[in-house]
Structure formats: structure tokens, C-alpha cells
Amino acid sequence: MNILGIETTCDETSAAIVSAGEDGAPVLHANEVLSQIAEHAAYGGVVPEIAARAHVEVLDRLIERALAKAGMRLADLDGIAVAAGPGLIGGVLVGLVTAKTLALVGRKPLIAVNHLEAHALTARLTDSLSFPYLLLLASGGHTQLVAVKGVGQYVRLGGTIDDAIGEAFDKVAKLLGLGYPGGPEVERMAEGGDPERFALPRPMLGRREADFSLSGLKTALRVEAERIAPLAERDVADLCAGFQAAITDVVVDRARVALRSFADVAGHPTALVAAGGVAANGPIRRALAALAGEAGLAFVAPPLNLCGDNGAMIAWAGLERLRLGLVDDLTVPARARWPF
Ligand code: KG4
Ligand code: ZN
């Protein structure tokens, strides 16, 4: 079974091809990802109109390249999977219309994939993990703790009531004059910093529900930054280190709470899984690995190139859905919002 996956929901354009053999084991043949970071950097965030146009310009070429790398033609595919949301609607439409056209012309099944579901299932592509597992999904637009019970079976155990974790990293980076996207910049600056110089809050720590709130932490950091301005490089490093340490503490505490409530909804988890762009963060990964170890669970996080947005995760989620007979017709809509 060979599936083409198309991703255009945010600022990465991607086309990938994933297969599963008779034994169900996945093979990733190609994962062409073109980031638009340079186009958006000057604005400190993604500009929807620029994003949509950039997807239009490169998507066809990326699909051709993915097929060439896999040594396949349209006729060799068994399905066309596409992220139909949630995301920036202009970009989602670019991917969806392209996928519908290929499905129609090539007479292939169309699989409309929820982008968040794709992040959630990536660990099964990379680590052949079995259900159920606890997922921390943390990206620029989403922060959720989810019991993943099966394909299409997700129970939300907690989420953010204000900023997403990646968004908080991005906003802090902007505030400190660092580049976009902020996560990798803050992580890099934090390496040389003193995490204890500034006493930053750990919002929601100890609460019984597995929810997050990050706006207070961001505000506390802004107050500190304004108090000591103008900022020297050392100050920026210490603020980054303090912020990253606070977020890490919060993430571990919230994940611990979610693990406690997991049994009530899904039995015993096989693993703790981190997904989404924030899962690329070294200290957060290490802290979650330690928490999983304490709980006697495996810790799984996709390799760095599969943490951020990519077509491989869409192709894989499409494959998982197709083998359960979950396909869509050509009327399936693009969705800006699509809880999962
Ligand atoms: O999943 P993703 O590529 O796109 C969305 O669907 O949002 O996640 C991007 C987010 C951005 O907010 C980015 O700053 C954050 O993930 N991110 C990180 C790191 N790398 C990316 N946050 C913290 N540390 C990182 N190393
Ligand atoms: Zn994403």
C-alpha cells in the first residue's frame, strides 16, 4: 500500500510517500519539506496570504520530487492523503484542491487527514508503537494531553487555556529580539544561560486537571526583561534559560497529572509520546523521558525531522485510516478549525 501525503496547513509545504508491506511495517520512501520560514521571518510570524501563495508555487514540484525519489508514478499510489485542517484556510485549500485533483484524475481514494491526528500517529510510523498511549501534542497552535486509544479514538485529558507552548516560545523570542520560529532560538540561547537568575512562575503546577496556562509566565518574563532593559546577551541567555526551565517543569507536572487520569479512560498506556514542533526541544524531551522512566513507560518522540510539520505524518495517518476503510469523497471541506 503506497500513500502520498500532502501538508500545507501552516508554513511548511510538504509531499511524502509512505508504504506498508504485507506485515504492516511502514517504509518512508520520500519526505520533501520546503519551509517558508524565510518568507515570514521579517513579520515575526506566519502571514496567511504569503503562506498560501508560497504553497501554490512549490507544491506540484514537491509532489513530483517525492514520486521520483520513491521511484513511483501516480498509478503506483493506493491513496492520496491530505491535511484538510486545522490550519490557515488558504494553505489548507491549496493542499486539498491538489489532492482532490490527483484523486479524481488518478481514480484513487482520497483521505482527508486531521493535522493533529497525524502528529498523534507519527510515533507509530517511527516506532511501531501499539495503542493506547499518552500523547503530549505541543506545537505553535496546539497544546494538548491526549489518551490515544486507537485510530480515530482520542480522549483529551487536558490542554492550554491560553497560549500554545510553541506560541509562548515564539512570543518570548520576539520579545527578546530573537528570530522566528522562536523555539529553536530560545533553546539555543538558553544553553549558556542561568535558569535560576530570574524567579519565573510555574503556572498550574499541582492542579488536579492536566491543563496549561502560559500567559502569566510570558508576562512575568516581560516584566523582568523591562526591569533590567537594555538587555545584554547574558541577560537574554538567562531569561531564555529561566523560561525554558519553567515550561519544562510545567510540562512534566501536567503530563504526570494526565498519566494519573489515563487509566480511567484508556487502561494502561504503552508509552509516553511527545509530538509537534515543541517535541524537538532537548530539555523538554529529556525531562519527559525521565518522567516516563519513573512511571515504567517507554518514551517515544519522533526524530527531529518528523517533529515539525511534514508530509510523512499525513501519508502515514492516511495509510492508517485507509486500511480501516476510512476514506472521504470529493466534497470533503477544508477546515480552519477541527478539534480531534
Ligand atoms: O508542529 P509545528 O512545526 O507547526 C505547528 O503545527 O504549529 O510546530 C512549530 C512550533 C513553533 O511554535 C516553534 O517555535 C516550536 O514548534 N518549536 C520549538 C522548537 N522547535 C520548534 N519549541 C521549543 N523548542 C524547540 N527546539
Ligand atoms: Zn503541526
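The following legends describe views of a predicted model.

**Figure 1. Overall fold of the protein.** The protein contains 11 helices and 10 strands. Its C-alpha trace spans about 60 × 45 × 30 Å along the principal axes. The radius of gyration is 20 Å, which agrees with the value near 20 Å that a compact globule of 340 residues would have.

**Figure 2. Burial and contacts within the protein.** Buried positions make up 53% of the 340 residues of the protein. Among contacts with a separation of 6 or more, 74% join residues that lie 24 or more positions apart.

**Figure 3. Helix H8 and the residue that follows.** Helix H8 covers residues 233–266, 34 residues in total. From its first C-alpha to its last, H8 reaches 47 Å, close to the 50 Å expected at 1.5 Å a residue. A kink of about 35° is centred on Arg260 within this helix. Gly267, just after H8, adopts a positive phi of about 80°.

**Figure 4. Surroundings of ligand 1.** There are 20 residues around ligand 1, of which Gly140, Gly166, Gly183, Gly277 and Asn281 come nearest. Two elements, helix H5 (165–175) and helix H6 (182–190), each give two or more residues to this shell.

**Figure 5. Residue classes in the shell around ligand 1.** Polar residues number 10 in the shell. The remainder of the shell consists of 6 nonpolar and 4 charged residues.

Technical notes: Residues are numbered from 1 along each chain as its sequence is written. Chains are lettered from A and ligands numbered from 1 in the order in which they are written. This is a predicted model: local features need pLDDT of at least 70, side-chain atom pairs count only at pLDDT 80 or more; totals for chains, interfaces and linings use all residues. Helices (H or I, at least four residues) and strands (E, at least two) are DSSP runs, numbered from the N terminus. The radius of gyration is taken over C-alpha atoms; the globule rule is 2.2 Å times the number of residues to the power 0.38. A residue is buried if 20 or more other C-beta atoms lie within 10 Å of its own, exposed if 12 or fewer, and partly exposed in between; C-beta atoms are placed from the backbone. Two residues are in contact if their C-beta atoms, placed from the backbone, lie within 7 Å. The expected span of a helix is 1.5 Å times one less than its number of residues. The bend at a residue is the angle between axes fitted to the seven residues ending there and the seven starting there. A residue is near a molecule or strand if its C-beta atom, placed from the backbone, lies within 6 Å of it. Ala, Val, Leu, Ile, Met, Phe, Trp, Tyr, Cys and Pro count as nonpolar, Asp, Glu, Lys and Arg as charged, and the others, Gly among them, as polar.
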